[in-house]
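Work through the exercises below with the sequence and the 3D view at hand. Each task is followed by a solution in steps.

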Amino acid sequence: MLDVLPPVNVKILTLAISNFGRQVGDGECAELPATAMRASGRSLPSPVWRISFGKEIPWEEGRPGDVITFGDEREGHGHIAVLFRWSKTRANAAILHQNDGGVKKVVLGSLGATESLLAPLGQPFTFLLRP
């Protein structure tokens, strides 16, 4: 049976894919999911904090278009990405994100590689959020 994604997840994925290789908004990582959510009629504060993106869910319930946070954006450090391809093993999951290493354009990455880079900086995987 085909598993249908929630409409907001589809909007987030569509925006990220259609802007692959380009900057979304100001190029900050949070703007990638936030821009799509605003286009869906969601009201988000500025600056956008982790709690604004949705309800925390277990990794096992992850679906493309869910939002991943690393570290604590409220303390001025952290990262936000969009789940592109879920995998039972987090390290094998694919993400879409921007402002990775200062590159302010949407790129495809590996959740495992991103975790490896951010964890030593005090920015480990923190939450998977359903918009």
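**Exercise 1.** Find the partner with which the side chain of Lys104 meets in a salt bridge, and place both residues in the chain.

*Solution.* Step 1: apply the cut-off, a side-chain nitrogen of Lys or Arg within 4 Å of a carboxyl oxygen of Asp or Glu. The side chain of Lys104 meets that of Glu28, at 2.7 Å from N to O.

Step 2: locate the two. Lys104 is in the loop between S4 and strand S5 (107–110), and Glu28 is in the loop between H1 and helix H2 (31–39). The pair is 76 residues apart and links distant parts of the chain. Helices (H or I, at least four residues) and strands (E, at least two) are DSSP runs, numbered from the N terminus.

Step 3: check accessibility. Buried means under 20% relative accessible area, exposed over 50%, and partly exposed in between (1.4 Å probe, protein chains only). Lys104 is partly exposed at 33%, and Glu28 is partly exposed at 32%.

A note on the model: it is predicted, local features need pLDDT of at least 70, side-chain atom pairs count only at pLDDT 80 or more, and totals for chains, interfaces and linings use all residues. Residues are numbered from 1 along each chain as its sequence is written, and side-chain values use heavy atoms, with hydrogens and water left out.

**Exercise 2.** How many salt bridges does the structure hold?

*Solution.* Step 1: the structure holds two. Besides the pair of Lys104 and Glu28, Glu31 forms a salt bridge with Arg38, with the closest N and O atoms 3.4 Å apart.

Step 2: compare with the cut-offs for burial. Glu31 counts as buried at 17% relative accessibility, whereas Arg38 is partly exposed at 32%.

**Exercise 3.** Which side chain does that of Asn99 meet in a polar contact?

*Solution.* Step 1: a polar contact is a pair of N or O atoms within 3.5 Å; within protein, one must be able to donate a hydrogen and the other to accept it, and residues adjacent in sequence count only if both atoms are side-chain atoms. The side chain of Asn99 makes such a contact with that of Glu28, at 3.0 Å.

Step 2: Asn99 lies in the loop between S4 and S5. Contact means heavy atoms within 4.5 Å; leaving out residues up to four places away in sequence, Asn99 touches several residues, including Glu28, His79 and Lys104.

**Exercise 4.** Is His97 buried or exposed?

*Solution.* Step 1: His97 is found in strand S4 (residues 94–97). His97 counts as buried, because its relative accessibility is 2%.

Step 2: a polar contact of 2.8 Å joins the side chains of His97 and His79. Among the other residues that His97 touches are Leu32, Ile80 and Thr114.

**Exercise 5.** Where on helix H1 do its buried residues lie?

*Solution.* Step 1: H1 (residues 7–18) has 12 residues. Val8, Asn9, Ile12, Leu13, Leu15 and Ala16 are buried in H1.

Step 2: these residues cover an arc of only 165° around the axis, so they are on the same side of H1. The arc is that of the directions from the helix axis to the C-beta atoms.

Step 3: take one of them. Val8 is buried at 12% relative accessible area, and its contacts beyond four places in sequence are Met37, Ser40, Arg42 and Pro131. The C-alpha atoms of Val8 and Arg42 are separated by 9.4 Å, with the residues 34 apart along the chain.

Technical notes
The expected span of a helix is 1.5 Å times one less than its number of residues.
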